[in-house]
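Visitor: I have a structure on the screen and do not know how to read it. Could you take me through some features one by one?
Guide: Yes. Here is the structure.

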Amino acid sequence: MSDILKFHFDVDGSDFSSAGEASVLVKKKLRQLGYPADIIRKVSIAMYEGEINMVIHAGGGSADVEVHEKEIVIILTDEGPGIPDISLAMQEGYSTARDNIRVLGFGAGMGLPNMKKYTDYMDVKSEVGKGTTVTMKVFL
């Protein structure tokens with residue numbers, strides 16, 4: 001494949017029931033394109049965790065996916081409150097989710113750690129009061 005496939009999704013920050021739609025659609029597309037199950041699984045989990053984080057913490061955002069010949073790049077962008085301490089946020093179990101979110105079963109502090117675990121590369125750029133951009137790559 002020499003062409004780059006690009007997908008763009010808006011993540012609705014007001015609706016938990018729609019969180020994960022982008023990851024499901026990308027999973028379906030990658031399956032149709034014949035990518036291996038382990039690659040599809042990694043991309044799907046990383047995207048889902050990112051989508052949930054955008055809904056919980058940022059009021060939504062956008063997800064862009066680029067399928068290259070040797071990698072799949074996922075870029076998640078939001079205009080939320082930003083992450084004051086990225087290294088702390090990367091620790092398993094650390095969460096700033098409100099109690100009403102935790103009651104729903106979200107906000108366990110595994111989002112960013114899982115995103116890192118299921119990708120081959122991850123970079124988090126965040127500015128308090130401006131938002132966050134997470135770039136992830138899964139190598140093929």
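Guide: Start with a link between two strands: a hairpin of three residues joins E2 to E3. Keep in mind that this is a predicted model.

Visitor: How do strands hold on to each other in a sheet, and how do E2 and E3 pair?
Guide: In general, strands of a sheet pair through backbone hydrogen bonds, and the pairing is either parallel or antiparallel. Here E2, residues 60–67, and E3, residues 71–78, are antiparallel and share six bridges. You can follow the pairing residue by residue: Val-65 is opposite Ile-74 in E3, and Glu-66 is opposite Val-73 in E3.

Visitor: What is the order of the strands in the sheet?
Guide: The sheet is open, has five strands and reads E1-E2-E3-E5-E4, with antiparallel pairing. Strand E1 (5–12) and strand E4 (121–127) each have a single partner strand, so each has one side without a neighbour in the sheet. From one strand to the next, the twist averages 10°.

Visitor: How many bridges join the other pairs, E1 with E2, E3 with E5 and E4 with E5?
Guide: E1 and E2 pair over eight bridges, and Lys-6 faces Glu-66 in E2. Eight bridges also join E3 to E5, where Ile-75 is opposite Thr-135 in E5. E4 and E5 have seven bridges, with Val-124 opposite Val-134 in E5.

Visitor: Which residue takes a positive phi in the hairpin of E4 and E5?
Guide: That is Gly-129, with a phi near 85°. The hairpin has three residues between the strands.

Visitor: Now the helices. Which strands does H1 touch, and which does H2 lie across?
Guide: Helix H1, residues 21–32, packs on the sheet and touches E1, E2 and E3. The direction of H1 makes about 160° with that of E1. Helix H2, residues 37–58, lies across E1, E2, E3 and strand E5 (131–139). H2 runs at about 5° to E3.

Visitor: At what angle do H1 and H2 pack?
Guide: The angle is about 165°, and the axes are 8 Å apart. An angle over 145 degrees counts as roughly antiparallel, and H1 and H2 are therefore roughly antiparallel to each other. H1 passes H2 in a right-handed crossing. On the H1 side, the contact includes Val-26 and Leu-30; on the H2 side, it includes Ile-40, Val-43 and Met-47. By class, this contact of H1 with H2 has seven nonpolar, two polar and four charged residues.

Visitor: What about charged side chains? How many salt bridges does the structure hold?
Guide: Side chains of opposite charge can pair when their charged atoms come close. The structure holds two salt bridges. One of them is between Asp-120 and Lys-42, with the closest N and O atoms 3.6 Å apart. This pair links distant parts of the chain, 78 residues apart: Asp-120 is in the loop between helix H5 (111–117) and E4, and Lys-42 is in helix H2.

Visitor: Last, take one residue, Asn-53. Where does Asn-53 lie, and with which residues is it in contact?
Guide: Asn-53 lies in helix H2. If neighbours within four places in sequence are left aside, Asn-53 is in contact with Ala-58, Gly-111, Leu-112 and Met-115. For a distance, compare Asn-53 with Val-124: they are 71 residues apart in sequence and 13 Å apart in space, C-alpha to C-alpha.

Terms used. Residues are numbered from 1 along each chain as its sequence is written. This is a predicted model: local features need pLDDT of at least 70, side-chain atom pairs count only at pLDDT 80 or more; totals for chains, interfaces and linings use all residues. Side-chain values use heavy atoms; hydrogens and water are left out. Two strands pair if DSSP finds at least two bridges between them. Helices (H or I, at least four residues) and strands (E, at least two) are DSSP runs, numbered from the N terminus. Axes are lines fitted to C-alpha atoms, for helices over the stretch in contact, and angles run from 0 to 180 degrees between N-to-C directions. Contact means heavy atoms within 4.5 Å. Angles under 35 degrees count as roughly parallel, over 145 as roughly antiparallel, 65 to 115 as roughly perpendicular and the rest as oblique. A crossing is left-handed if the near helix is turned anticlockwise from the far one by less than a right angle, and right-handed if clockwise. Ala, Val, Leu, Ile, Met, Phe, Trp, Tyr, Cys and Pro count as nonpolar, Asp, Glu, Lys and Arg as charged, and the others, Gly among them, as polar. A salt bridge is a side-chain nitrogen of Lys or Arg within 4 Å of a carboxyl oxygen of Asp or Glu.
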